[in-house]
Amino acid sequence: EAKAYAFSDRVIKTIDKLTDQSEILMHLGLEIVRLTQDVKKNKKQPAFSPHIRNCMKYIHENLSQKISVASVAEYCGISADYLSQIFKKEMGENLSTYILRQKLEKAKTMLLNGISSKEICTSVGFSSQTYFVTAFKRFYNMTPSEYVKITRMNMD
């Protein structure tokens with residue numbers, strides 16, 4: 001529910017700022033695609049153990065903070081080693097990689113909403129713009145500005 005409300009609020013706030021009808025339609029189209037992809041992804045997700053669900057909840061609620069494996073483990077009430085082990089087993093990737101990927105996914109949305117890399121670094125808890133750009137390029141094989149340019153071209 002929280003994710004749906006956040007999605008709705010974000011879309012409404014963005015559309016309220018837009019003045020051109022074609023920009024509004026383009027933004028709505030992009031959001032429809034994102035929503036459809038999220039629904040598809042959520043249907044495929046297997047049921048996770050309570051520790052992993054708790055872990056994921058903590059990460060999504062604290063994306064703007066510095067998140068360490070130790071802080072997530074403390075929140076979940078288990079050791080960092082055990083959490084890392086079960087996270088890798090259930091999710092198929094390291095917990096630290098998952099945290100970074102979630103931050104970058106949030107950054108992608110922010111980029112498409114016209115938010116600067118500097119603001120994104122602050123909002124998503126990256127230590128520097130250089131680290132943000134390096135991580136973005138490592139995950140997506142393009143810089144944030146290339147991502148915005150390519151995505152907007154594909155929307156035309």
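Me: Before we start, what do angles between helices get called here?
Reply: Angles under 35 degrees count as roughly parallel, over 145 as roughly antiparallel, 65 to 115 as roughly perpendicular and the rest as oblique. This is a predicted model, where local features need pLDDT of at least 70, side-chain atom pairs count only at pLDDT 80 or more, and totals for chains, interfaces and linings use all residues. Residues are numbered from 1 along each chain as its sequence is written, and side-chain values use heavy atoms, with hydrogens and water left out.

Me: Why are α3 and α4 called oblique to each other?
Reply: Their axes cross at roughly 125 degrees and come within 9 Å. Axes here are lines fitted to C-alpha atoms, for helices over the stretch in contact, with angles running from 0 to 180 degrees between N-to-C directions. That crossing angle falls in none of the named ranges, so the pair counts as oblique.

Me: What makes α3 and α4 helices in the first place?
Reply: Helices are DSSP runs (H or I, at least four residues), numbered from the N terminus. Helix α3 covers residues 50-61, and helix α4 covers residues 69-76.

Me: Which residues of α3 and α4 meet?
Reply: His 51, Asn 54, Cys 55, Lys 57, Tyr 58 and Ile 59 in α3 meet Ser 71, Val 72, Tyr 75 and Cys 76 in α4. Contact means heavy atoms within 4.5 Å.

Me: Why is the pair Arg 10 and Glu 31 called a salt bridge?
Reply: The rule asks for a side-chain nitrogen of Lys or Arg within 4 Å of a carboxyl oxygen of Asp or Glu. Arg 10 and Glu 31 are at 2.8 Å, N to O, so they pass. By this rule the count comes to 5 salt bridges.

Me: What does the pair Arg 10 and Glu 31 tie together?
Reply: Arg 10 sits in helix α1 (residues 2-17) and Glu 31 in helix α2 (residues 21-44), so the bridge ties together parts 21 residues apart in sequence.

Me: How do you know whether Glu 31 is buried or exposed?
Reply: Buried means under 20% relative accessible area, exposed over 50%, and partly exposed in between (1.4 Å probe, protein chains only). Glu 31 has 2%, so it is buried. Arg 10, at 25%, is partly exposed.

Me: What else does Glu 31 pair with?
Reply: Arg 34, with the closest N and O atoms 2.6 Å apart. Arg 34 and Glu 31 are 3 residues apart in helix α2, about one helical turn. Arg 34 is buried too, at 14%.

Key: Helix = DSSP H or I, 4+ residues; strand = E, 2+ residues; numbered from the N terminus.
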